[in-house]
Amino acid sequence: MKLIDSTRDLFRRDHVFDFMIPGAARDHILDTTHGPILYLDNVTVSFDGFKALNDLSLYVDQGELRCIIGPNGAGKTTMMDVITGKTRPDKGDVYYGQQINLLRLDEPEIARLGIGRKFQKPTVFEHHSVFENLELAMHTNKDVWHTLFARPTGEQRDTIEQVMTDIGLIDYSGQRAGVLSHGQKQWLEIGMLLMQDPLVLLLDEPVAGMTQQEIEHTANLLVSLAGKHSVVVVEHDMAFVRSIARRVTVLHEGRVLAEGSMDDIQNNPNVIEVYLGEQPDAPDHSTESVLRRESYALGR
Ligand SMILES: Nc1ncnc2c1ncn2[C@@H]1O[C@H](COP(=O)(O)OP(=O)(O)OP(=O)(O)O)[C@@H](O)[C@H]1O
Ligand SMILES: [Mg+2]
């Protein structure tokens, strides 16, 4: 690994990770004793007059594993953009716990408070090993030189090893991230988020492009993370959603169309209509079938 490659990797990475406040302090200011960990109320986002989110109200409980589905353009990614401070709504309230108004904070501040986000494309440091990627994600020191040359303490090594075990990459510790499979890179990136011990994990289409085996591994991983973390997963792959689903929210035209168990969703007439509207020639009109076709339409 050349130093120039490492440095370039560090500056190229497109999400922020070199910030962290002690977990105890963060948990202290987050009050979820009487309510959800994420609270979006009547949120509207307009792009040139088009409402990507239209009075969206959505609540996520602490430790919950929530799946969000919905047709293309429903506003799923925009919703994550609002939670993470990337996009400001025209109106509405967005709270983290009861006290923290996320609309008053910028992206790094929101991430520092324990809301971690994974984009679809993995952005690991290709020239670094799996271990080094996790080590880099742990560092709070913004000094690049310190980050590159500081040695992890015994405790830090234990944490990294635990995360490598959790994400299924313990046997790849010394492997350069650039040669990992697409699925392994996705898990590594989830591991990098875990190094910051987030309270909320937002995952946008985490299994897109994965093999069936990788999808199953990801399902187990996300189920194991729920409880300790609140996990919000946006996915089009309905077989995957079904395999992990607890409460499912269907977004359509910027608002919640339906919410409930996967069975509730599939039997909801409004959901059936929305998905059928996209599949006018569908010979089999059961929602299960239409939702399955949506997965196929996306190449899986
Ligand atoms: N920056 C932007 N400028 C203009 N329009 C935008 C912008 N971002 C999103 N949109 C529009 O807002 C709508 C919602 O987009 P969004 O990306 O949130 O949908 P999505 O539910 O994530 O869809 P997909 O399943 O295809 O990822 C779409 O019509 C999209 O074209
Ligand atoms: Mg999207």
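How do the residues of the shell around ligand 1 divide into nonpolar, polar and charged? In this predicted model, the shell holds 3 nonpolar residues, 6 polar ones and 1 charged one. If you would like to find them in the structure, look for Phe47, Ala52, Gly70, Asn72, Gly73, Ala74, Gly75, Lys76, Thr77 and Thr78. Helix H3, residues 76–83, gives the largest share of this shell, with 3 residues.

Following H3 away from the ligand brings us to the sheet. Four strands form an open sheet in the order S2-S1-S4-S5, and their pairing is antiparallel. At the edges are strand S2 (50–60) and strand S5 (100–101), each of which pairs on one side only. H3 packs on this sheet and touches strand S1 (38–47), S2 and S4, while its direction makes about 65° with that of S2. Over at the S5 edge, strand S4 (residues 91–96) pairs with S5 in the antiparallel sense over 2 bridges. Here you can see tyrosine 96 standing opposite isoleucine 100 in S5.

Now let us turn to a pair of helices. Two packed helices are described by the angle between their axes and the distance between the axes. Helix H5 (residues 130–138) packs with helix H8 (residues 182–194) at an angle of about 30°, and their axes are 8 Å apart. Because angles under 35 degrees count as roughly parallel, H5 is roughly parallel to H8. The crossing in which H5 passes H8 is right-handed. On the H5 side, Val130, Asn133, Leu134 and Ala137 make the contact, and they meet Leu188, Gly191 and Met192 of H8. By class, this contact has 5 nonpolar and 2 polar residues, with no charged ones.

Terms used
Residues are numbered from 1 along each chain as its sequence is written. Chains are lettered from A and ligands numbered from 1 in the order in which they are written. This is a predicted model: local features need pLDDT of at least 70, side-chain atom pairs count only at pLDDT 80 or more; totals for chains, interfaces and linings use all residues. Axes are lines fitted to C-alpha atoms, for helices over the stretch in contact, and angles run from 0 to 180 degrees between N-to-C directions. Angles under 35 degrees count as roughly parallel, over 145 as roughly antiparallel, 65 to 115 as roughly perpendicular and the rest as oblique. A crossing is left-handed if the near helix is turned anticlockwise from the far one by less than a right angle, and right-handed if clockwise. Two residues are in contact if their C-beta atoms, placed from the backbone, lie within 7 Å. Ala, Val, Leu, Ile, Met, Phe, Trp, Tyr, Cys and Pro count as nonpolar, Asp, Glu, Lys and Arg as charged, and the others, Gly among them, as polar. A residue is near a molecule or strand if its C-beta atom, placed from the backbone, lies within 6 Å of it. Two strands pair if DSSP finds at least two bridges between them.
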